[in-house]
Amino acid sequence: MDLDALLEMSNQCIHSEPPVCMASCPVHMDVIAFVTEIEKGDFAKAYKVMEAKIPFSRLIGKICDHPCESHCVRKEVGGSIRISELEKTAIDLGYTSPKKPLLMPKNKGTVAVIGGGLSGCVAAIELDKKGYNVTIYEKTDRLGGSLWAYEGQDLESAIIEEELSVIAKKGITVWYNTEVTEANLQTYIEKYDALYLGTGAWSKAYAIHPETFQVNDTSLFIGGTLQTQNHSSIFSASSGKRAAVSIDRYITKTSMSASREREGVFETKLDYKIDTVQPIVEVAKTASVYSESEVQEEASRCLKCQCDACIKACVHMQRFSITPDRYIRSINHNERIVLGNRSANLMINSCTECGLCKEVCPFGIGMKDIIHATRQSMVERGKMPISAHDFALKDMQFSHSDYFSLVRKQPSKEQSKNLFYYPVIAFSQYARGLYKGSGKTGYLFYPGCQLSSTHTDYIGAIYKYLVGVIKEKEADNDVGLYLGCCGAPADWAGRLDLMPESVEKIHKTWEEMGEPTFILACSSCASTFEKYLPMIKTISLWEVFATYGLPEVDIKKGKRELCIHDACATRHNAKIHESVRSIVKTLGYSVEELEYAKEKAKCCGYGGLVACANPEQAEDFVQDRAHESEHDVLVYCAMCKDMLVKGNKRAYHILDIIYGNEINPDAPQKMLTLSERQNNRKRLKQQLLKEIWNEEESDMSKTYDFTLHLSDAIIALMEKRFILLSDVEKVVEHSLTCKERFYNPETLDFLARLRVNNVTFWVKYEEHGSDITVKDVYSHRMEVVED
Amino acid sequence: METKTETTTTWMCDKCHKALVSQKVKVRYLEGNFEVELLKCPTCNMVFISEDLALGKILEVEKSLEDK
């Protein structure tokens with residue numbers, strides 16, 4: 001993994017980019033933090049936020065010419081937030097006298113400040129803080145300069161004096177009634193390490209560096225009105241602060257310009273959109289300043305502009321309260337750590353890799369590819385937690401095994417000749433299709449492992465339908481069948497090493513069959529084929545339905561409104577989106593489009609094997625999706641249906657409405673267990689072989705001499721703990737044959753254990769003859785050495 | 001792996017008809033090898049692990065080893 005390139009990408013995330021109010025404030029007051037404290041009614045904290053950035057905040061906060069307000073994003077939707085008015089009230093209600101200043105050793109050098117006005121006082125204080133011995137030369141008998149113009153209006157003289165007294169308290173020397181002019185300036189230049197000129201007016205016009213305020217390469221720095229060329233108090237204060245930074249760098253001989261790009265007013269990359277913002281008008285003042293309640297109400301209008309499009313859209317980022325920039329830094333840390341805990345593992349395995357963040361990001365930053373690369377890297381370095389994906393990968397192995405895996409050409413004419421008689425041949429499109437058998441496989445129906453697990457009984461019917469409609473139009477192209485797993489679980493788990501087992505087999509079959517078009521019924525298969533098997537031409541089953549017409553089944557036309565939950569794996573496949581909508585409408589349903597539809601589809605929580613690695617996170621995804629609409633949901637991915645039903649949302653697979661099984665809308669929808677899913681795959685293969693190819697397969701399932709009794713509670717526990725019925729059977733069988741078990745004389749229960757591969761399963765049961773009633777199941781991965 | 005587990009139980013070994021005793025037992029997961037006191041049959045050495053132990057301390061240790 002190229003971690004440096006990754007970190008570069010994190011810098012493009014603008015989540016931490018400041019709002020325009022802060023960027024247009026010459027001293028960068030943290031307006032969002034300020035407004036938030038006011039909303040909470042904590043005026044003391046609000047004042048502290050002002051104080052952190054605004055010099056003499058008790059004074060400037062009352063007279064600031066607020067350049068921020070003219071840039072406020074609220075401007076067009078109810079009027080700019082009156083930040084300047086909020087500041088006035090924050091001072092009145094939240095001012096606390098500052099702590100007694102710490103007297104710092106002043107040994108870094110000597111600086112003369114010419115002019116004790118606002119900018120001069122700011123520069124003096126800043127330089128004093130940095131450890132310089134500062135002397136102010138003021139031509140009048142008081143400090144403050146233009147501040148006194150506000151006396152009696154916005155500022156009280158007592159407060160001006162009190163605030164400026166900090167200069168004396170800090171031990172800064174002030175020479176009053178001492179005018180410095182161009183004529184004697186040189187004397188001061190020679191006497192001090194650096195000079196700050198902030199007199200407002202001066203007889204000679206010096207060329208001032210626009211960023212450093214330095215005059216050529218000399219020790220003279222100019223700020224205040226001489227530099228700003230306006231009468232803004234906040235710009236003046238800012239120039240004093242910035243000049244102090246320059247003087248410090250000049251004296252300490254460090255770079256005058258490094259890392260100063262965003263000093264003063266700058267342009268933020270944040271472009272907050274107001275399309276969906278409801279206008280709220282400015283709160284009117286009932287007195288000269290806002291009252292406590294008025295100020296809170298005005299603050300509440302603030303949009304707190306921040307780019308959070310991805311966070312709003314993604315419950316994963318919400319659960320871990322993380323943004324792409326910090327996420328990437330966590331990954332970087334997790335990847336580089338040598339000793340210690342990889343604390344980001346769970347987070348990395350909780351992303352569904354659905355790609356929505358990239359769709360909503362104004363800069364196109366997406367976590368999907370990053371997470372995928374990270375998981376691969378974790379696997380390669382042996383740092384991927386085994387438990388995260390173990391169950392799903394074992395289930396994939398099951399699909400690859402002879403229990404499910406099956407490839408067949410369309411039954412030959414010879415095989416099917418018993419169908420070719422009246423009336424079958426006249427009324428069955430399927431029989432006619434077989435009759436036209438060409439021996440050349442033009443299409444291969446690939447239903448995928450999950451659809452086969454949960455919608456088992458549709459597969460045979462779909463296959464017959466496909467043979468019928470396709471042979472009717474394309475006599476040359478037979479339709480074959482391929483049961484298997486595309487390898488999506490391995491891809492999600494970052495197990496590149498396991499991909500060939502799926503992909504190479506598919507590729508070989510495709511070649512051997514004469515490069516047929518695959519008919520896919522699963523969105524994850526579609527995405528895996530696109531990624532790993534781009535040479536294979538595919539078409540979705542939904543497109544076939546939309547193109548060739550729906551199967552002739554006795555269906556009642558629905559009148560209900562359904563919301564369509566698009567599959568995230570095919571978010572960019574417009575053909576699928578259109579086909580599905582066309583089918584739904586043909587069947588008489590009306591469609592409610594969700595806010596997050598089509599290319600903005602939200603994941604159901606199955607993606608990325610999150611349901612396996614972090615079930616709680618998967619539940620967040622389901623609930624988020626389920627609550628998007630009141631209506632029942634229509635899906636076209638078997639996993640989506642499973643997840644939604646599990647989350648108690650009524651969901652129909654598109655096959656349910658095509659085959660008229662959207663019956664009894666009040667009956668609870670059943671969720672199949674993990675064991676039932678495996679059994680269904682096994683059963684499907686046997687059924688299809690028998691029904692379509694007339695092949696009888698010996699039943700490979702093991703039979704036992706005992707009968708297991710499992711309550712609903714135990715079944716639920718097995719699901720939660722990823723324990724299969726076959727695991728329980730193996731434990732019980734082993735304990736009965738080897739008598740390796742514990743006995744509890746008080747409860748009369750038995751407790752047995754068996755290690756199956758890398759997991760030890762425990763079963764507590766009651767035995768009555770051959771009846772075994774299971775009372776508890778659990779497992780652990782830690783291996784116990786019994787010797 | 002430090003652990004405090006049950007030192008007595010009503011469970012007994014069904015094959016040997018012996019009460020279980022608390023003894024040092026070797027356990028291992030990934031790179032971790034530990035010796036812990038667990039209940040076992042003094043005759044056939046079959047080790048008893050309760051649900052609380054499996055889903056508590058053992059799970060915790062497994063997770064922390066996986067994140068190492």
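# A walk through the two-chain model

Start by selecting A:Ile654: leaving aside neighbours within four places in sequence, A:Ile654 is in contact with A:Trp542, A:Val580, A:Ile583, A:Val584, A:Leu634, A:Val635 and A:Tyr636 (contact means heavy atoms within 4.5 Å). Before going on, a word on ground rules: this is a predicted model, where local features need pLDDT of at least 70 and side-chain atom pairs count only at pLDDT 80 or more, while totals for chains, interfaces and linings use all residues. Residues are numbered from 1 along each chain as its sequence is written, chains are lettered from A and ligands numbered from 1 in the order in which they are written, and side-chain values use heavy atoms, with hydrogens and water left out.

**Stop 1: the cores**

Now widen the selection around A:Ile654. A:Ile654 is among the residues with the most contacts inside the largest nonpolar core, along with A:Phe445, A:Leu466, A:Phe518, A:Phe529, A:Leu541 and A:Trp542; the core has 100 residues. (A nonpolar core here is a set of buried Ala, Val, Leu, Ile, Met, Phe, Trp, Tyr and Cys residues joined through side-chain atoms within 4.5 Å; buried is under 20% relative accessible area, exposed over 50%, and partly exposed in between, with a 1.4 Å probe and protein chains only.) Colour helix α24 (residues 456-473) of chain A next, as this helix gives the most to the core, with nine residues. Helices (H or I, at least four residues) and strands (E, at least two) are DSSP runs, numbered from the N terminus. The core draws at least three residues from each of domain 4 (387-548) and domain 5 (561-670) of chain A. For a second, separate core, of 62 residues, pick A:Val27, A:Phe56, A:Leu118 and A:Val295, which it includes.

**Stop 2: the domains**

Colour chain A by domain: domain 1 (12-98 + 266-300), domain 2 (110-251), domain 3 (308-384), domain 4 (387-548), domain 5 (561-670) and domain 6 (707-780). These bounds come from an automatic or database domain assignment. How many Å separate the centres of domain 5 and domain 6 of chain A? Taken over C-alpha atoms, it's 36 Å.

**Stop 3: around A:Glu163**

Jump to A:Glu163, which lies in helix α9 of chain A. Buried or exposed? A:Glu163 counts as buried, at 12% relative accessibility. Not counting residues up to four places away in sequence, A:Glu163 touches A:Phe56, A:Arg58, A:Leu59 and A:Tyr95. With A:Arg58 there's a side-chain polar contact of 3.0 Å (a pair of N or O atoms within 3.5 Å; within protein, one must be able to donate a hydrogen and the other to accept it, and residues adjacent in sequence count only if both atoms are side-chain atoms). For a long view, draw a line from A:Glu163 to A:Glu414: they are 251 residues apart along the chain, and their C-alpha atoms are separated by 104 Å.

Stay on A:Arg58, which also forms a salt bridge with A:Glu162, the closest N and O atoms being 3.2 Å apart (a salt bridge is a side-chain nitrogen of Lys or Arg within 4 Å of a carboxyl oxygen of Asp or Glu). A:Arg58 sits in helix α5 (residues 57-63) and A:Glu162 in helix α9 (residues 157-169) of chain A, so this pair ties together parts 104 residues apart in sequence. A:Arg58 counts as buried at 12% relative accessibility, while A:Glu162 is partly exposed at 39%.

**Stop 4: more salt bridges**

The whole structure holds 56 salt bridges over all chains. Try A:Glu786 and A:Arg753, whose side chains meet at 2.9 Å, N to O. A:Glu786 is in the segment after β20 and A:Arg753 in strand β17 of chain A, so the pair links parts 33 residues apart in sequence. A:Arg753 counts as buried at 10% relative accessibility; A:Glu786 counts as partly exposed at 33%. Then show A:Glu766 and A:Lys775, a salt bridge at 3.1 Å, N to O. Finish here with a network: A:Glu69, A:Arg82, A:Glu85, A:Lys88, A:Glu282 and A:Lys285 are joined by salt bridges that share partners.

**Stop 5: where the chains meet**

Bring chain B into view. The contact takes 35 residues from chain A and 31 residues from chain B. About 3,200 Å² is buried between them, with carbon and sulfur atoms giving 58% (buried area is the accessible area, 1.4 Å probe, that two parts lose on being put together, summed over both). Select A:Phe742, A:Met782 and A:Val785: they supply 22% of the area that chain A buries against chain B, more than any other three residues. Across this interface there are three salt bridges. Last pick: A:Glu783 with B:Arg28, a salt bridge whose closest N and O atoms are 3.5 Å apart.
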